[in-house]
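Reader: I should like a close look at a single part of this model, namely one loop and its surroundings. Please begin with the loop itself and then proceed to whatever else can be described in connection with it.

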Amino acid sequence: MPTRRALGIPAALCALLLVCVLSLGIGALPLAPSAVWHGLTDPASSPYAVVHQTRLPRTLLGLLAGTALGLAGAVMQALTRNPLADPGLLGVNAGASAAVVTATALLGISSLGGYIWFALGGAALVSVLIYAIGGGGSSTPARLALAGTAVNAALYSYVGAVELLDTDALDKMRFWTVGSIADAEPGSVVRITPFILVGVLLALGCAKPLNTLALGDDAATALGGKPALTRAVAIVAIVLLCGSATAACGPIVFVGLMVPQIAARITGPDLRWLLPYSAILAPVLLLGADIVGRVVARPSELEVGIVTAVVGGPVFLLTVVGRRA
Amino acid sequence: MKRSTLVSAIFVALAAVAAFRTVDIGQFSGSGVTEADAFVIDQLLLPRILTAVLAGSALALAGAVVQSVTRNPLGSPDVLGFTQGAATGALVGILAFGGGVVAVAASAWIGAVGSAAAVYLVTRRGGVTGGAKLILVGIGVAAILSGVNEYLITRANIVDAAAASLWITGSLDGSSWSGVVILAVATALLAPPILLAARSLRVLELGDDLATGLGLRGERVRLLTLTGAVLLAATAASQTGPVAFVALCAPHLARGLTRRTGPNLVPTLLLGAALMQWADYLAQHAIPNRELPVGVVTGVLGGSYLVYLLAHQRKTGRI
């Protein structure tokens, strides 16, 4: 196990590099890797515009959002001791969506810089709510998932109501609610980067305390941990990661569920390894799904949120059917 | 008089009052009823009232059955991937078959029943279907289908997208006599067998082992009652769209008011009829000069009730 997880990091990084190159190269105008390189470095070359204006922001946003969602999922699963926790399924992304829809339709805010604060607020509210009603660290998977589904249903019926009253909002929001990184702009990438960086640092910093917390509150306290502080920091990390990712891409489901489970196969339950692995593998999955979306429905594209839902759903079902309830 | 009988009578009275209020909305209850008034009452208001009564009671009954079978107070047909399945069907009806009333209703019905069947079959592959597994599989299927739905909505033009999102919210505006007949036939065929199964459901709530010991075939009872519930709810949804939370809330309110344990089917059914009508009344009057679809009211009120319920159930340790 130890050698495998040490060797796995370079392998995972290679996979990440590969999907980044593919993500820069594949699309309506296919580019060979050498052309991608020229496009990146040489302002005079013909692919420069395509690479810098659309593919590069899209890939960077995929990297950031993937890392955010994967880490958030892993922290969430550790915090709730629940293998089925996912920011999308538990309604955190829906909370951000509801807040963004409110901001767009009722207050007329339409720039990312304006509504990212709403997204963070909505994500924070729902995280605390779900954590409280789902029963904190003692929840069963079904209880937590049901609490999430219920909150999801309530929030999306609110979103639906706002959209019904305001057709303009519907027209804008129906694309955003799918979850897509296709229309990434350099500005939005820059805008969410600080939030995600802080979130990543907080999440990685939680790894060791969360490991201790897995032994139970009493044991963790005896070992010098502060369970309440650990939980608070972990929730702040989840909110920062999910809120900013959702603000930039719309709600994307299942990335946070799948990646930590795949990563745990390699690393085992130690979060000091599991969290970095999730952070590297999640963008591989998200960019991979985005590339699949660009290829399968030519000449148009499938949004990445649709691909992850359709691919991730069966993975979720296999997990559920495979485990002993 | 038994408390549950009294409470049931109150539910019936509430439903009746709501019906009179709905007719009164148009100020037709006075003495001189003109021909135009008669037309409005006969062709618009009566079908609307009857659709609300039948669809509300169908959804509530289905909710009570699913909660009993999953042994979970948060169960409802929605956890069987039902809402998303109905929506997928309706979207296909709107986008592929031009959005005719019959086409949308039929394909929504097929979508709802199909997704529920898929959830049941996937769950069964993993062993028995009771309890948490059914819920988790339902959530997974619902997530896949909502991906499909979002895809369909983004590919539609804005008129179709607005129609679809109105349909998914659930509305009584399209009520017609033909819909009432379909609902009445479905209720007449499906509700009596479900009501007769109440005793078996009650025994099954004790757990499969005990139920088997008492001579009950648990899996068969589950399959039959769930099938009845899904068919009933699918018929309701095909006429009104999947109106949120009626199926989830009615059993809880009924249980709280009758203070009875068990599936509590008859009071739940009556309460469903009253709830749907009052929600519709509110939807038409909450904002002056602006009629909302009934699903907005049930969604917002039901959602708030649900949050209260979650907190409360958590305190008493039931979920």
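Author: In this predicted model, A:Phe254 lies in the loop of chain A that runs between α11 (227-249) and α12 (255-267). Its phi is near 80°, a positive value in a residue that is not glycine. A:Phe254 has 30 other C-beta atoms within 10 Å; the threshold for a buried residue is 20 or more, and A:Phe254 is therefore buried.

Chain B offers a second case. B:Arg259 is found in the loop between α11 and α12 of chain B, and it too is a non-glycine residue with a positive phi, here about 55°. Its surroundings can be judged by the count of neighbours: B:Arg259 has 10 C-beta neighbours inside 10 Å, and because a residue with 12 or fewer is classed as exposed, B:Arg259 counts as exposed.

The helices on either side of the loop in chain B can be described in turn. The axes of α11 (residues 246-258) and α12 (residues 265-285) of chain B come within 9 Å and cross at roughly 120°. The two helices, α11(B) and α12(B), are therefore oblique to each other, and α11(B) passes α12(B) in a right-handed crossing. On the side of α11(B), the contact is made by B:Val246, B:Ala250, B:Pro251, B:Leu253, B:Ala254 and B:Thr258. From α12(B) come B:Pro267, B:Thr268, B:Leu271, B:Gly272, B:Leu275 and B:Met276. Sorted by class, this contact of α11(B) with α12(B) has nine nonpolar, three polar and no charged residues.

The wider setting includes a nonpolar core. The largest such core has 221 residues, and those with the most contacts inside it include A:Ala65, A:Val75, A:Leu241, B:Leu61 and B:Val230. Helix α3 (residues 48-80) of chain A gives the most to this core, with 16 residues. Leaving aside residues up to four places away in sequence, A:Val75 touches A:Ala203, A:Cys206, A:Ala234, A:Ala237 and A:Ile238.

There remains the contact between the chains, which takes 42 residues from chain B and 39 residues from chain A. On the side of chain B that touches chain A, the elements giving two or more residues are α4 (101-125), α5 (132-155), α6 (158-169) and α13 (294-316) of chain B. The largest share of that side, 15 residues, comes from α5(B). By class, the side of chain B that touches chain A has 25 nonpolar, 12 polar and five charged residues.

Key: Residues numbered from 1 in each chain as written. Chains lettered and ligands numbered in written order. Predicted model: local features only at pLDDT ≥ 70, side-chain atom pairs only at ≥ 80, totals over all residues. Core = buried A, V, L, I, M, F, W, Y, C linked by C-beta atoms within 7 Å. Helix = DSSP H or I, 4+ residues; strand = E, 2+ residues; numbered from the N terminus. Contact = placed C-beta atoms within 7 Å. Nonpolar A, V, L, I, M, F, W, Y, C, P; charged D, E, K, R; others polar. Axes fitted to C-alpha atoms, helices over the stretch in contact; angles between N-to-C directions. Parallel < 35°, antiparallel > 145°, perpendicular 65-115°, else oblique. Left-handed = near helix turned anticlockwise from the far one by under 90°.
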